[in-house]
Amino acid sequence: MSSLKFHYVVDKTDFTRAGEASSDVKGKLRKMGCDPEVIRKVAIAMYEGEINMVIHAKGGVIDVEITPTDIILVLKDNGPGIADIEKAMQAGYSTASENIRSLGFGAGMGLPNMKKYSDEMNIDTVLGVGTTVTMVVHMK
Amino acid sequence: MDKFLNSVRLDSDLCKGCINCIKRCPTQAIRVRNGKAHIIAPFCIDCGECIRVCSHHAKKADYDSFEDIEKFKYKVALPAPSFYGQFNNLHDTDIVLRALISMGFDDVYEVSAAAELVSEMSREYINNHPYGKPFISTACPTIVKLIRVRFPNLIEHLLPISAPVDIAAELARKKAVKKTGLAPEDIGIVFISPCPAKVSAVRFPLTSEKSQIDAVLAIKEVYTRILPFMKETANGSEELSMSGKIGISWGASGGEAGGLLTDSFLAADGIENVINVLEDLEDQKITQLDFIELNACSGGCVGGVLQVENPYVAKSKLKKLRKYMPVAKSHIEGQVIDGAFWENEIEYLPVFRLGSDLMESLAKMEKADEIIKRLPGLDCGSCGAPTCKALAEDIVRGVANEKDCVHLLRDYIHKMTDDLKGL
């Protein structure tokens, strides 16, 4: 079965470039004639993930795989790790700094939104080592 | 007529086959083939950027001529709000309206008057549909065309109210029939337009079966003819104006939003800025707004390619002109307007997809990705496509080949000569 793979590097703390990777994936899915609702879900979930990596983990890498049935997003960072996943999944809970909040981010909706807009999500995290979030969005 | 109709024509004799238009086109709809610029019609959103940027004047806007309107027994001029921004020291819109009559029109109907009705309808519609927010303005046909091909998820946010000019046309014809007793088809409703996008919208309406506009004249052509008449009508006394501040403000970016009497809006103009806003809106990066006003041209309709004056100067003139006007002169007051709301819904047209189904598209994208790796990444445009990526996609679509790239061709020729030398 054919699949397409793309690799993106998310730059440290550059907010102006955050979102480039999700934009690029969005463009590709559009060119594929992918269902608009699927494109929207991928774009939102991936952008949330990208921003999270910039805010909490000084960047990281994203691997995207597009197959005829799924879009698989693997976001890997070498950040501080998530101490309490249950808490982090609560809407409104955030550990973002005041500086980040003043930019309009850090509302505590990152992980909840990623969960909401993906069909499957898995978080692998080790304190002090990093976090890998895997999200799957099904093609309809 | 087809749904991909556009209003840009090419004068082949003047086209040098340069890369100015292909690089500037926001939807990458132009390719240079056999030395001439060709528009891929389904990709074109009628924004007019190519007309604006062509230094050889090979790109021309399509619109009607004064001869085309001669056939009508009774002619009504519909001046766009931005038309008033073209004149120096204009302090009274009636001077322009009287001059339109002096130059041969039988009556006038200001688009700005209908715009005030649209403002009222929009306020009510947005209030009654809180879950549809944010609503995206639909007066600019280029915005509707852009969303139709590129932002399917935003179609449901389009404000389904007809553009002021369409409502003005409807009301003007009714008024003329009543006044003259002529058959509706003997009456010519003539829009004096800032842009060619409106021409395609009239010939192939996006949201109604038939347009009530019979002809579209370019502001730049009316401008030169009307000036001598304005000298005469400056001292007249007949009052023809039916619009105030709200209507006139529609001529520039922010005007339509201003008429909604809310702070919860953003107004973006210039096609690149508009695309950025739509991308963010689609990704839900923009929230908590009631209204998004979008105009394809910089500055709004004052920036249309058929205008004469610099858009920012025109905007400032409109501001001065409306200063002492009443807020609004036209009101719905219980009247029912035919065609005030969209008759047809906008349908997503996925014109940019590479294959006819997901599997085919996936395979083609994979192939395009391999090709991109071989291309130099200079985006020089020499192949006739705006970027290396666009060329790669053209190749997998079967409309171009790798040797269209001058750099790959050069390498190929070098290799051939080396091979020949080795013989």
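# Exercises on a predicted two-chain model

Eight residues of domain 1 of chain B are in contact with five residues of domain 3 of chain B. The model is a predicted one, and the exercises below begin from this contact.

**Exercise 1.** Determine which elements of chain B build the side of domain 1 that touches domain 3, and describe the classes of its residues.

*Solution.*
Step 1. Identify the elements: helix 1 (20-24) and strand 2 (30-33) of chain B each supply at least two residues of this side of domain 1.
Step 2. Rank the contributions: strand 2 of chain B gives the largest share, three residues.
Step 3. Sort by class: the residues of this side are four nonpolar, one polar and three charged.
Step 4. Place the domains along the chain: the assignment for chain B sets domain 1 at 1-61, domain 2 at 67-322 and domain 3 at 357-423. The C-alpha centres of domain 1 and domain 3 of chain B are 23 Å apart.

**Exercise 2.** Decide whether the radius of gyration of chain B agrees or disagrees with that of a compact globule, and describe the chain as a whole.

*Solution.*
Step 1. State the expectation: for 423 residues, a compact globule would have a radius of gyration near 22 Å.
Step 2. Compare: chain B has 24 Å, which agrees with the expectation.
Step 3. Add the dimensions: along the principal axes, the C-alpha atoms of chain B fill a box of roughly 90 × 50 × 40 Å.
Step 4. Turn to the interior: 46% of the 423 residues in chain B are buried. Of the contacts in chain B with a separation of 6 or more, 76% are between residues 24 or more positions apart.
Step 5. Complete the description with the secondary structure of chain B, which comprises 15 helices and eleven strands.

**Exercise 3.** Trace the pairing of strands 2, 3, 4 and 5 of chain A.

*Solution.*
Step 1. Start with strand 2 (residues 60-66) of chain A, which runs antiparallel to strand 3 of chain A and is joined to it by seven bridges. Three residues lie between these two strands, which form a hairpin. Within the pair, V64(A) stands opposite L73(A).
Step 2. Continue from strand 3 to strand 5 (residues 130-138) of chain A: these pair over eight bridges, in the antiparallel sense. Here L75(A) is opposite V133(A) of strand 5.
Step 3. Pass from strand 5 to strand 4 (residues 120-126) of chain A, again antiparallel and joined by seven bridges. E120(A) faces V136(A) across this pair.
Step 4. Examine the turn: strands 4 and 5 of chain A form a hairpin with three residues between them, and G128(A) in that turn has a positive phi of about 80°.

**Exercise 4.** Which residues of strand 3 of chain A are buried, and which are not?

*Solution.*
Step 1. Recall the general pattern: in a regular strand, side chains alternate between the two faces of the sheet.
Step 2. Apply a criterion: a residue counts as buried if 20 or more other C-beta atoms lie within 10 Å of its own.
Step 3. Assign the faces of strand 3 (residues 70-77): I71(A), L73(A), L75(A) and D77(A) point to one face and are buried. D70(A), I72(A), V74(A) and K76(A) point to the other face and are not buried.

**Exercise 5.** Characterise the side of chain A that touches chain B.

*Solution.*
Step 1. Count the residues: 17 of chain A are in contact with 20 of chain B.
Step 2. Find the elements: helix 1 (20-31) and helix 2 (36-57) of chain A each supply at least two residues of this side. Helix 2 of chain A has the largest share, five residues.
Step 3. Classify: ten residues on the chain A side are nonpolar, three polar and four charged.

Note on methods: Residues are numbered from 1 along each chain as its sequence is written. Chains are lettered from A and ligands numbered from 1 in the order in which they are written. This is a predicted model: local features need pLDDT of at least 70, side-chain atom pairs count only at pLDDT 80 or more; totals for chains, interfaces and linings use all residues. Domain bounds come from an automatic or database domain assignment. Two residues are in contact if their C-beta atoms, placed from the backbone, lie within 7 Å. Helices (H or I, at least four residues) and strands (E, at least two) are DSSP runs, numbered from the N terminus. Ala, Val, Leu, Ile, Met, Phe, Trp, Tyr, Cys and Pro count as nonpolar, Asp, Glu, Lys and Arg as charged, and the others, Gly among them, as polar. A residue is buried if 20 or more other C-beta atoms lie within 10 Å of its own, exposed if 12 or fewer, and partly exposed in between; C-beta atoms are placed from the backbone. Two strands pair if DSSP finds at least two bridges between them. The radius of gyration is taken over C-alpha atoms; the globule rule is 2.2 Å times the number of residues to the power 0.38.
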